[in-house]
Amino acid sequence: MEKSFRSHIKSAFPYLVNSKLVIAVSGGVDSMVLLHLCKKINLNIIIAHCNFNLRDKESDGDEEFVVSNAKKLDIPIHIQHFNTSLFAEKHKLSIQMAARELRYRWFEELRISEDADYILTAHHANDSLETFLINLVRSTGPEGLAGIKAENDKILRPFLKFSRQEIQQYAIENQILWREDSSNASTKYLRNKIRHQVIPLLEEMNPQFLKGFENTQTYLKEQLDLVEDYTEIIFRKAVTRNDYGYSLDIAMLKRLPHTKALLYQLLKDFGFTEWNDVENLLDAQSGKIVFSATHRLIKDRDYLLLTEITAPDANKTYEITEKDSHIMFSGGALHFEYVSEIREIGKDCIYVNPEKLSYPLQLRHRKKGDYFYPFGMKNRKKVSDFFKDQKMSLPEKESTWLLCSKDTIVWVVTRRADNRFAITNSDKPILKISFVS
């Protein structure tokens, strides 16, 4: 196995030779073998061990065992204790999910603090098979059937091509000691039930089942890579980045085959689950919205608008005194300066008669019933009707600010000034108000 491991590192992870690595070591056979092999091929490593305080003395025994081996191998070690049960209860997670979140969060913190490049874990081929079956039982998309990734950002899993049997055999032949986790024998966890009851039956039907799964997994990953490449091409043609998020061209999406599957590929990372509702949005009335936990998808005429759900600031108001030369706010800044004449004119600046202003000014979002006298027009207009005439999307409406004098609108910022504050030929001085994004 040592020869195969060296060859695998050289072909799949050649950059590890010149990297600093954090190795997650629990004390079990998998992580102990990974530790010894990385030491043997002279990789630059430090050990990370988590004590989840779930098995009383057994957990402490694992910690002592790993510390002892770190000293023998002369490898730096870092230990972290967790109150896993309390964390799980507080965040409404299972113990296993809580432990997973805690360890990976700490591994990344340790990697950064120790100026390391990557985190190595000892997940192997059997772990990937178990994950595949777990996802199959729970229902999953194609990604869930591809098993565990060998590379996931800074987390690397160089043992995925090796089986549990190979790893244990190597440990026995090389007299590498390890600790057995008693909880691994319990079938109350789904993973253990699959490991001890389901997989043995599959292997009884086909002794080469694990090898066959590895081949199937390779095919699946190749197909997923193909889908990702296709999706990237479509993304560049049909999706536009804007100030509010993304715009998806409805006409283009509807011309393409397998539209629902394509929408899944484009939007799966944004938390959506109701894919029938997402697809129906293509033919829905403007203003219809589908929500995920973090984002919303809005039908807006010819586009689907994807925006992040952020903390609402609809009631946020900024006050501006006569002494203020600028005000910063979410979305940009306003600058105030006195000038002797009107020069450049554009959507990002207006000129007003300061004697018509009542301080403090307010910068706020629209309220029901807001109206103003758009510059160049004699009659008043509701802000809502103005937005409609401008064909503004919901995100644009929500993010547009109104500069007000008392409750009178001075400027629909970057859209239209109010006629009542306009400069006449005799007005002096002149206040220039500019918007900077």
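Let me start with the internal cavities of this structure, which is a predicted model, and here the count comes to one cavity of 30 Å³ or more. About 50 Å³ of space lies in that largest cavity, and the idea behind such a search is that rolling a probe the size of a water molecule over the atoms shows where empty space is left. If you want to find the cavity on the screen, look for its lining, which is made up of Phe 235, Val 239, Tyr 246, Leu 248, Leu 266, Leu 267, Phe 270 and Leu 306. Two elements, strand 8 (245-249) and helix 11 (259-267), give two or more residues each to this lining. As for its character, the lining residues divide into eight nonpolar, no polar and no charged.

Tyr 246, which I have just named as one of the lining residues, also takes part in another kind of contact, since Arg 241 lies over the face of its ring, at 4.9 Å from the ring centre. A second arrangement of this kind involves Lys 316, which lies over the face of Tyr 318, at 5.0 Å from the ring centre.

That brings me to the aromatic rings, where a search of the whole structure finds 20 aromatic pairs. One of them is formed by Phe 372 and Phe 386, whose ring centres are 5.3 Å apart and whose planes stand at 85°, and because an angle over 60 degrees counts as edge-to-face, this pair is classed as edge-to-face. Where in the chain do Phe 372 and Phe 386 sit? Phe 372 belongs to strand 17 (residues 371-372) and Phe 386 to helix 13 (residues 383-389), so that the pair links distant parts of the chain, 14 residues apart. Both Phe 372 and Phe 386 are buried. Elsewhere, ring pairs link Phe 52, Phe 82, Tyr 104, Trp 106 and Phe 107 into a cluster.

Let me turn now to the sheet, in which six strands come in the order 3-2-1-4-6-5, forming an open sheet with mixed pairing. In general, strands of a sheet pair through backbone hydrogen bonds, either parallel or antiparallel. Which strands form the edges of this sheet? They are strand 3 (77-81) and strand 5 (151-152), each of which pairs on one side only. Strand 5 runs antiparallel to strand 6 (residues 155-156), and two bridges join them; within this pairing, Glu 151 stands opposite Leu 156 in strand 6.

Finally, some points about the backbone in the loops. A cis peptide bond, with omega at about 0°, joins Tyr 359 and Pro 360, and Pro 360 lies in the loop between strand 15 (349-352) and strand 16 (361-364).

There are also residues other than glycine with a positive phi, among them Asn 53, where phi is near 55°. Asn 53 is placed in the loop between strand 2 (44-51) and helix 3 (57-73), and with a relative accessible area of 40% it is partly exposed. Lys 92 likewise has a phi near 55°, again a positive value in a residue other than glycine, and its place is in the loop between helix 4 (84-91) and helix 5 (95-113). Is Lys 92 buried or exposed? Its relative accessibility is 74%, and because the cut-off for exposed is over 50%, Lys 92 counts as exposed.

Technical notes:
Residues numbered from 1 in each chain as written. Predicted model: local features only at pLDDT ≥ 70, side-chain atom pairs only at ≥ 80, totals over all residues. Heavy atoms only, no water. Phe/Tyr/Trp six-rings, centres within 6.5 Å; stacked < 30°, edge-to-face > 60°. Helix = DSSP H or I, 4+ residues; strand = E, 2+ residues; numbered from the N terminus. Buried < 20%, exposed > 50% of the residue type's maximum accessible area, 1.4 Å probe, protein only. Lys NZ or Arg CZ within 6 Å of the ring centre and 35° of its normal. 1 Å grid on protein atoms, 1.4 Å probe; cavity = no way out; pocket = protein on both sides within 12 Å on 5 of 7 lines; lining within 4 Å. Points joined across faces, edges and corners; volume = space filled by probe spheres on them. Nonpolar A, V, L, I, M, F, W, Y, C, P; charged D, E, K, R; others polar. Pairing = 2+ DSSP bridges.
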